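Reader: I am new to this structure and would like a close look at a single part of it. Could you take me through the annotated active site, one residue after another?

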Protein chains: 2
Amino acid sequence: MPTTDPNSVGLVSPQKIHFSEPFTLACGHTLPDYDLMVETYGKLNAQKSNAVLICHALSGSQHAAGFYEGEEKPGWWDAYIGPGKAIDTNHFFVVSMNNIGGCHGSTGPTSLNPKTGKAWGSDFPPLRVRDWVHNQAKLADHLGIDQWAAVVGGSLGGMQAMRWALEYPERLRHCVVIASAMKLTAQNIAFNQTARQAIMADPEFMDGHYLENSTLPESGLSVARMIGHITYLSDDGMGEKFGRALRSGSFEQGSDVPVEFQIESYLRYQGSKFSKSFDANTYILMTRALDYFDLAREYQDDPVKAFQQAQCDFAVISFDSDWRFAPERSREIATALLHADKNVFYAEIESPYGHDAFLVPNQPRYEALFSSYMQKVASTCA
Amino acid sequence: MPTTDPNSVGLVSPQKIHFSEPFTLACGHTLPDYDLMVETYGKLNAQKSNAVLICHALSGSQHAAGFYEGEEKPGWWDAYIGPGKAIDTNHFFVVSMNNIGGCHGSTGPTSLNPKTGKAWGSDFPPLRVRDWVHNQAKLADHLGIDQWAAVVGGSLGGMQAMRWALEYPERLRHCVVIASAMKLTAQNIAFNQTARQAIMADPEFMDGHYLENSTLPESGLSVARMIGHITYLSDDGMGEKFGRALRSGSFEQGSDVPVEFQIESYLRYQGSKFSKSFDANTYILMTRALDYFDLAREYQDDPVKAFQQAQCDFAVISFDSDWRFAPERSREIATALLHADKNVFYAEIESPYGHDAFLVPNQPRYEALFSSYMQKVASTCA
């Protein structure tokens with residue numbers, strides 16, 4: 001466990017915060033109370049002006065940086081959060097939470113439904129991105145943070161960041177939107193639907209009540225993850241990493257046994273690993289929130305009108321090989337912001353890593369631009 | 001049934017041809033005998049010089065044109081085969097067959113395994129594209145056709161057409177390769193693997209012996225088809241057709257019931273329909289043949305060297321919105337052919353229909369170019 005790395009936030013542990021007041025969701029359902037799992041890195045300054053909120057994506061959690069006791073791999077965005085990193089914990093107090101509906105300790109489908117005393121399962125109410133944003137605002141209240149220096153997120157996290165700017169314009173100074181979109185395309189929805197279908201078709205899904213039936217829809221969730229995984233990588237990136245290399249042996253005529261390509265066993269391994277550690281109902285809930293998100297829907301489908309609500313500055317970053325959240329989607333955001341007279345910094349990064357690029361370390365241009373924008377943010381915290 | 005359409009080949013019926021001699025596959029397995037389901041359209045001329053072979057793709061069959069008795073929808077390539085159409089049955093004798101391994105009457109996984117007396121199921125030997133080509137050559141022998149005027153195919157069918165040019169250089173005058181590739185990319189293999197995984201994860205798959213167990217892996221095959229379907233359409237095309245339109249009702253806040261996008265129910269319908277009419281083992285076999293295909297593998301991975309075997313002329317056609325068999329793949333074919341000193345006609349068609357474009361009617365430029373090339377072919381039949 002590399003806790004001696006001076007650029008690591010080191011050992012961390014999550015904190016469960018209980019909120020005892022009722023919370024009404026966009027769907028109309030009211031949770032009587034709820035828990036949020038939270039991690040923080042760095043120190044909140046006396047003015048409480050240096051707080052940065054990290055919003056996680058589909059399969060993320062509160063564990064964005066540092067190491068848990070005994071853990072080999074750090075949090076999911078450790079490459080970009082830490083002392084001297086893009087989100088510099090020497091300057092910022094960084095807050096990261098597991099969204100409700102998640103499966104890392106915050107109230108979600110694996111929690112107990114107070115009405116039945118059993119796990120919620122698929123009865124957990126449907127969620128919208130705005131629910132998470134409202135939740136995150138409650139957390140800010142709890143932490144005594146009136147205004148975030150920045151709200152930052154990639155992919156589904158970027159959707160939360162944008163929604164923040166519209167819902168609580170006075171509560172953030174900067175909004176950093178990475179590899180995201182104002183709404184999904186039909187193709188994106190189609191991939192998500194196919195993934196959900198794979199889960200729901202698994203007999204062990206039991207209509208979403210696998211926990212009380214002591215089953216687990218691992219094969220369905222594994223296929224869902226495989227679909228996701230392909231679409232998060234670029235065609236070229238996959239080609240460079242795997243090409244048509246075979247897993248073992250040569251590929252001779254006269255062989256009666258199907259030989260596997262490396263990409264096949266890699267994907268199956270990734271799918272299987274994920275399916276043992278992630279909750280299938282959470283996957284369904286999160287992909288539905290992604291599908292439903294439509295930033296400008298209540299603004300007559302006019303994103304300029306939507307962004308006119310905002311008061312913060314914006315950074316929008318995209319990656320050229322990302323075909324799931326293509327640069328075109330980010331350009332639409334940047335263009336709408338310009339037309340809404342907002343300050344916007346836009347960068348399109350060359351990267352072979354597809355949608356995953358926002359998570360991948362060692363990309364000098366991404367690091368440099370992200371860092372320099374966050375330094376600008378830091379200069380507003382004094 | 002629109003049999004009065006002067007541009008339709010009208011009522012057709014398939015013919016089962018039994019081949020009683022043993023047939024050894026590339027994997028080394030020998031089928032003691034086999035059946036091929038075949039349809040023909042138009043008349044073979046006295047010189048037997050006007051025969052055109054149609055090679056089908058992943059989910060195709062012998063039924064390429066015309067109508068079966070009582071059928072509402074014509075064969076899968078009816079838009080391009082018929083009197084006055086691109087493959088003009090006034091000039092050509094068109095031969096279309098179901099490849100072995102298929103599920104439309106030719107010997108395949110649903111046929112009886114002579115060793116066990118039960119359906120082959122997943123014990124059917126693995127197939128390569130060259131097996132089909134060798135099979136098609138046997139069919140040509142049976143029909144008395146020494147040389148095809150053209151061998152024509154889209155996608156996996158285009159792979160067969162190219163293999164024809166290398167395996168039997170003297171037996172075809174033209175090779176027409178549409179929306180195809182010399183080999184799949186890692187991403188393509190990954191999609192196919194995920195589709196296979198979805199099928200094999202279905203408990204009703206029963207290791208591929210569902211027929212003898214009276215089960216059917218419909219949900220797995222349905223997910224597989226959904227994956228395929230998304231990748232055969234273009235993002236823009238899907239957007240134009242479905243956008244983010246909802247299946248019913250409006251999408252209000254306060255609704256506890258997940259609302260479906262049209263694309264979701266469309267895909268589920270398509271997947272379900274397909275899963276009731278197609279054999280899962282065939283789907284696995286055909287996608288594996290796609291994955292394994294590597295035109296230049298035995299020619300030191302040099303496609304120029306491979307194509308130097310060929311004696312025929314070539315037409316290569318691609319579609320700009322096809323991201324599964326991208327134009328770049330077709331340009332690689334055309335470039336290799338040029339370097340091998342072959343006559344090659346190359347066209348890239350603007351189309352919103354993605355990979356499916358090669359099947360979609362009413363595309364004037366595609367029709368015009370395809371027709372004019374086939375007229376050139378016809379002029380060599382006299």
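Author: What follows is a walk through the active-site residues, with a short look at helix packing at the end. The model is a predicted one, and the site itself is taken from a record: an unreviewed UniProt entry places the feature "active site" at S155(A), D322(A) and H355(A). These positions span 201 residues in sequence, yet no two of their C-alpha atoms are more than 10.8 Å apart, so they gather at one spot.

Consider D322(A), which lies in the loop of chain A that runs between β11 (313-319) and α9 (327-339). Its relative accessibility is 1%, and because buried means under 20%, D322(A) counts as buried. When neighbours within four places in sequence are left aside, D322(A) is in contact with A179(A), P327(A), G354(A) and H355(A), and H355(A) is itself one of the annotated positions.

H355(A) also sits in a loop of chain A, the one between β12 (344-349) and α10 (364-378). With a relative accessible area of 3%, H355(A) is buried. Residues up to four places away in sequence not being counted, H355(A) touches S155(A), A179(A), T231(A), Y232(A), D322(A), R324(A) and F325(A), and this list includes both S155(A) and D322(A), which the record annotates together with H355(A). The side chains of H355(A) and S155(A) are, moreover, joined by a polar contact of 2.8 Å. A179(A) appears among the contacts of D322(A) and also among those of H355(A).

For a view of helix packing, one may turn to chain B, where helix α1 (residues 129-143) and helix α2 (residues 156-167) have axes that come within 9 Å and cross at roughly 65 degrees. The two helices, α1(B) and α2(B), are therefore roughly perpendicular to each other, and α1(B) passes α2(B) in a right-handed crossing. Among the residues that meet there are W132(B) and V133(B) from α1(B), with L156(B) and W164(B) among those from α2(B).

A second pair in chain B is formed by helix α4 (residues 218-232) and helix α6 (residues 262-277), which pack at an angle of about 125 degrees with their axes 7 Å apart. That angle makes α4(B) and α6(B) oblique to each other, and the crossing of α4(B) past α6(B) is right-handed. The residues of α4(B) that take part include L221(B) and M226(B), and those of α6(B) include L267(B) and F274(B).

Note on methods:
Residues are numbered from 1 along each chain as its sequence is written. Chains are lettered from A and ligands numbered from 1 in the order in which they are written. This is a predicted model: local features need pLDDT of at least 70, side-chain atom pairs count only at pLDDT 80 or more; totals for chains, interfaces and linings use all residues. Side-chain values use heavy atoms; hydrogens and water are left out. UniProt positions are given in the numbering used here, feature names are shortened, and annotations may be inferred rather than shown by experiment. Helices (H or I, at least four residues) and strands (E, at least two) are DSSP runs, numbered from the N terminus. Buried means under 20% relative accessible area, exposed over 50%, partly exposed in between (1.4 Å probe, protein chains only). Contact means heavy atoms within 4.5 Å. A polar contact is a pair of N or O atoms within 3.5 Å; within protein, one must be able to donate a hydrogen and the other to accept it, and residues adjacent in sequence count only if both atoms are side-chain atoms. Axes are lines fitted to C-alpha atoms, for helices over the stretch in contact, and angles run from 0 to 180 degrees between N-to-C directions. Angles under 35 degrees count as roughly parallel, over 145 as roughly antiparallel, 65 to 115 as roughly perpendicular and the rest as oblique. A crossing is left-handed if the near helix is turned anticlockwise from the far one by less than a right angle, and right-handed if clockwise.
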